[in-house]
Amino acid sequence: MEPVERLFLDIPEDFIGKITEKLAVRKGRLESLVNKGSGRVSMEFLIPSRGLIGFRSQFLTDTKGGGVMNSLLESYAPWFGPIPQRTTGVLVADRPGRITSYASFAMEDRGEMIVEVGTEVYGGMIVGERNRTGDIDVNITKEKKLTNNAGIHIRCHNNSPATAYISLDQAIEFIAENELVEVTPQSVRLRKMELDATRRLQKSRKEE
């Protein structure tokens with residue numbers, strides 16, 4: 001059994017299809033739909049509580065800030081089934097240190113950073129989402145080596161690489177089974193359950 005919530009939505013009618021599709025993936029079941037005749041609709045869904053983790057920010061983005069969302073605990077019901085997790089891998093720091101701009105820019109073709117430049121990291125900490133399946137360990141603290149021609153070849157970057165900041169809800173939704181969310185008074189971090197890269201590799205080979 002798992003907790004189930006009744007979800008109340010008030011959205012512009014142009015977003016019915018998109019929102020219904022997103023909730024279906026999260027095991028939401030449409031209970032009612034009322035067209036108000038004013039370009040907006042009211043919708044009610046029954047959805048497992050875990051299906052709402054990370055949904056609010058996605059909902060606001062999908063409705064371009066025009067949606068209203070509320071939910072109430074409805075009951076407990078038989079398990080609704082698995083909710084698909086992400087299909088991409090992650091970028092994992094392979095050593096402790098501070099994230100550099102140089103290393104972050106080098107990650108642009110590998111995925112999207114979720115930790116900003118200057119952040120102190122440790123080995124096994126997740127610093128980004130990879131743009132394909134499988135995790136990779138990266139040196140995110142690497143510095144640009146200066147040469148005699150440094151004045152000619154080094155370009156100054158005024159802006160840091162694009163960074164996708166995530167909330168606690170989004171972090172909980174994002175993690176895979178072998179990952180954890182680490183919460184402190186100052187920050188929310190993502191990390192591998194096993195911090196040692198060699199042990200992670202050995203474990204994954206055994207599971208295969």
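**Note on a surface patch and two pockets**

1. In this predicted model, Val183 belongs to strand S11, which covers residues 179-183. Its relative accessibility is 52%, and because exposed means over 50%, Val183 counts as exposed.

2. Val183 also contributes to a nonpolar surface patch, which it makes together with Leu168, Ile172 and Val188, and the area of this patch comes to about 310 Å².

3. The largest pocket holds about 760 Å³ of space, and among the 27 residues that line this pocket, those nearest its centre are Arg26, Gln58, Pro84, Glu173 and Phe174. Two or more lining residues are given by each of helix H1 (16-25), helix H2 (55-62) and helix H5 (168-174), with H5 supplying the largest share, namely 4 residues. By residue class, the lining of the largest pocket consists of 12 nonpolar, 6 polar and 9 charged residues.

4. The second largest pocket holds about 540 Å³ of space, and its lining comprises 23 residues, of which Asp135, Asn178, Lys192, Arg200 and Ser204 are the closest to the centre. Here the elements that give two or more residues to the lining are strand S10 (136-138) and helix H6 (197-207), and H6 gives the most, with 6 residues. The lining of this second largest pocket divides into 6 nonpolar, 7 polar and 10 charged residues.

5. For a reader comparing the two linings, the counts of charged residues are 9 in the largest pocket and 10 in the second largest pocket, while the counts of nonpolar residues are 12 in the largest pocket and 6 in the second largest pocket.

Key: Residues are numbered from 1 along each chain as its sequence is written. This is a predicted model: local features need pLDDT of at least 70, side-chain atom pairs count only at pLDDT 80 or more; totals for chains, interfaces and linings use all residues. Side-chain values use heavy atoms; hydrogens and water are left out. Patches are made of residues with over 30% relative accessible area and no salt bridge: like charges are joined within 9 Å, nonpolar side chains (Val, Leu, Ile, Met, Phe, Trp, Tyr) within 5 Å. Accessible areas come from the Shrake-Rupley method with a 1.4 Å probe; for residues, only the protein chains shown count as cover. A salt bridge is a side-chain nitrogen of Lys or Arg within 4 Å of a carboxyl oxygen of Asp or Glu. Buried means under 20% relative accessible area, exposed over 50%, partly exposed in between (1.4 Å probe, protein chains only). On a 1 Å grid over the protein atoms alone, a cavity is a set of points where a 1.4 Å probe fits but cannot get out, and a pocket is an open set with protein on both sides within 12 Å along at least five of seven lines; lining residues have an atom within 4 Å of a point. Grid points are joined across faces, edges and corners, and a volume is the space filled by probe spheres set on the points. Ala, Val, Leu, Ile, Met, Phe, Trp, Tyr, Cys and Pro count as nonpolar, Asp, Glu, Lys and Arg as charged, and the others, Gly among them, as polar.
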